[in-house]
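Reader: Before the discussion begins, please display the sequence and the coordinates. I should then like to put several questions about packing, aromatic rings and backbone geometry.

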Amino acid sequence: MKLGAIFDQDGLLFDTEVIFERSWRAAGAEMGFAVGEELTHAACGCGKRELAAAISPYIPSGVDVEAYIARALTLSAETQMRLVPTLKPGVREILAYCRDHGIKTAIASSSMRHLVEHNLSSTQLEGSFDAIVTGGDVANGKPAPDIFLLAAERLGLRPTDCVVFEDAFSGIRAAHAAGCRPVLIPDRLQPTVEILGLCVCHPTLAAAIPTVFD
């Protein structure tokens with residue numbers, strides 16, 4: 001049986017990816033260009049330092065990419081700090097299962113730590129995780145494996161003993177590269193053939209419980 005469960009945050013624990021999408025579009029409008037879903041999909045789950053490379057192909061020439069990213073992330077953070085986030089289906093059920101079965105839990109999120117802590121406290125989930133790793137804790141963000149390797153280390157486990165729950169393709173690639181067992185819970189994106197080759201897929205966190213920890 002797997003001994004650890006590592007969870008992404010945005011789009012996996014909390015229904016926050018829609019906030020990021022709106023922020024990418026709002027920042028684009030402020031800077032004079034329309035943002036399509038190609039850009040928002042490319043940005044999904046990426047570490048902050050990896051965003052420029054991911055979204056540059058979808059930004060008009062002459063736009064300051066770093067300024068655009070900074071503005072979109074600022075808008076997103078301001079919105080999130082004003083809200084109580086909506087929990088995704090199955091979050092409380094899978095955390096209860098992990099607690100009852102002695103499975104250690106961690107969050108591995110590209111988001112800033114204060115946003116993770118805000119979301120947890122707003123939903124009374126503070127203290128529900130044995131470790132929290134955020135983008136600022138690692139040199140390379142998703143799709144590099146660093147964040148999941150560090151999360152497993154902080155749980156005192158080998159990556160191969162950990163299940164990673166993700167909604168973003170970059171997170172699935174990172175979990176696979178780390179040697180963990182990747183599980184996709186789709187949110188804004190439906191899996192491609194490539195992604196299905198790297199993971200198992202379940203519609204909700206609760207639906208994954210019976211099988212992924214075996």
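**Aromatic pairs and backbone features**

Author: Let us start with Phe 7, which has a relative accessible area of 0% and is therefore buried. Please bear in mind that the model is predicted.

Reader: How many aromatic pairs does the structure hold, and what is the geometry of the pair formed by Phe 7 and Phe 129?

Author: The structure holds six aromatic pairs. In the pair of Phe 7 and Phe 129, the ring centres lie 6.0 Å from each other and the planes make an angle of 75°. Planes over 60 degrees apart count as edge-to-face, so the pair of Phe 7 and Phe 129 is edge-to-face.

Reader: How many residues apart in sequence are the parts that this pair ties together?

Author: Phe 129 is buried as well, since its relative accessible area is 11%. Phe 7 belongs to strand S1 (residues 4-7), while Phe 129 sits in the loop between H6 and S3. The pair therefore ties together parts whose separation in sequence is 122 residues.

Reader: Is the pair of Tyr 97 and Phe 213 stacked or edge-to-face, and where do its two members lie?

Author: Tyr 97 lies in helix H5 (residues 91-100) and Phe 213 in the segment after helix H10 (205-212), so that distant parts of the chain, 116 residues apart, are linked. Phe 213 has a relative accessible area of 1% and is buried. With 5.5 Å centre to centre and 20° between the planes, the pair of Tyr 97 and Phe 213 is stacked.

Reader: Which residues form one aromatic cluster?

Author: Both pairs just described belong to this group. The cluster is made up of Phe 7, Tyr 97, Phe 129, Phe 165 and Phe 213.

Reader: At what angle do the axes of helix H1 and helix H4 cross, and which word describes their relation?

Author: The axes of helix H1 (residues 17-30) and helix H4 (residues 65-82) come within 8 Å, crossing at roughly 135°. The crossing of H1 with H4 is right-handed. An angle of roughly 135° is neither over 145 nor within 65 to 115 degrees, so H1 and H4 are oblique.

Reader: Which residues make this contact, and how many of them are nonpolar?

Author: H1 contributes Ile 19, Phe 20, Ser 23 and Trp 24, among others, and the residues from H4 include Tyr 68, Ile 69, Arg 71 and Ala 72. By class, five residues of the contact are polar and two are charged. The number of nonpolar residues is 10.

Reader: Which elements do the buried residues of H7 pack against?

Author: The buried residues in H7 are Ile 147, Phe 148, Leu 150, Ala 151, Ala 152 and Leu 155. They pack against S1, strand S2 (104-109), S3, strand S4 (162-166) and helix H8 (169-178).

Reader: Is Thr 40 buried or exposed, and which residues does it touch?

Author: Thr 40 is found in helix H2 (residues 37-43). Its relative accessibility is 5%, so Thr 40 counts as buried. Leaving aside residues up to four places away in sequence, Thr 40 touches Glu 21, Trp 24, Arg 25 and Val 35.

Reader: Where is the cis peptide bond, and what is phi of Gln 124?

Author: Pro 143 lies in the loop between strand S3 (131-134) and helix H7 (146-155), and the cis bond joins Lys 142 and Pro 143, with omega about 15°. Gln 124, in the loop between helix H6 (113-122) and S3, counts as exposed because its relative accessibility is 59%. Although Gln 124 is not a glycine, its phi is positive, near 60°.

Methods. Residues numbered from 1 in each chain as written. Predicted model: local features only at pLDDT ≥ 70, side-chain atom pairs only at ≥ 80, totals over all residues. Heavy atoms only, no water. Axes fitted to C-alpha atoms, helices over the stretch in contact; angles between N-to-C directions. Helix = DSSP H or I, 4+ residues; strand = E, 2+ residues; numbered from the N terminus. Parallel < 35°, antiparallel > 145°, perpendicular 65-115°, else oblique. Left-handed = near helix turned anticlockwise from the far one by under 90°. Contact = heavy atoms within 4.5 Å. Nonpolar A, V, L, I, M, F, W, Y, C, P; charged D, E, K, R; others polar. Buried < 20%, exposed > 50% of the residue type's maximum accessible area, 1.4 Å probe, protein only. Phe/Tyr/Trp six-rings, centres within 6.5 Å; stacked < 30°, edge-to-face > 60°.
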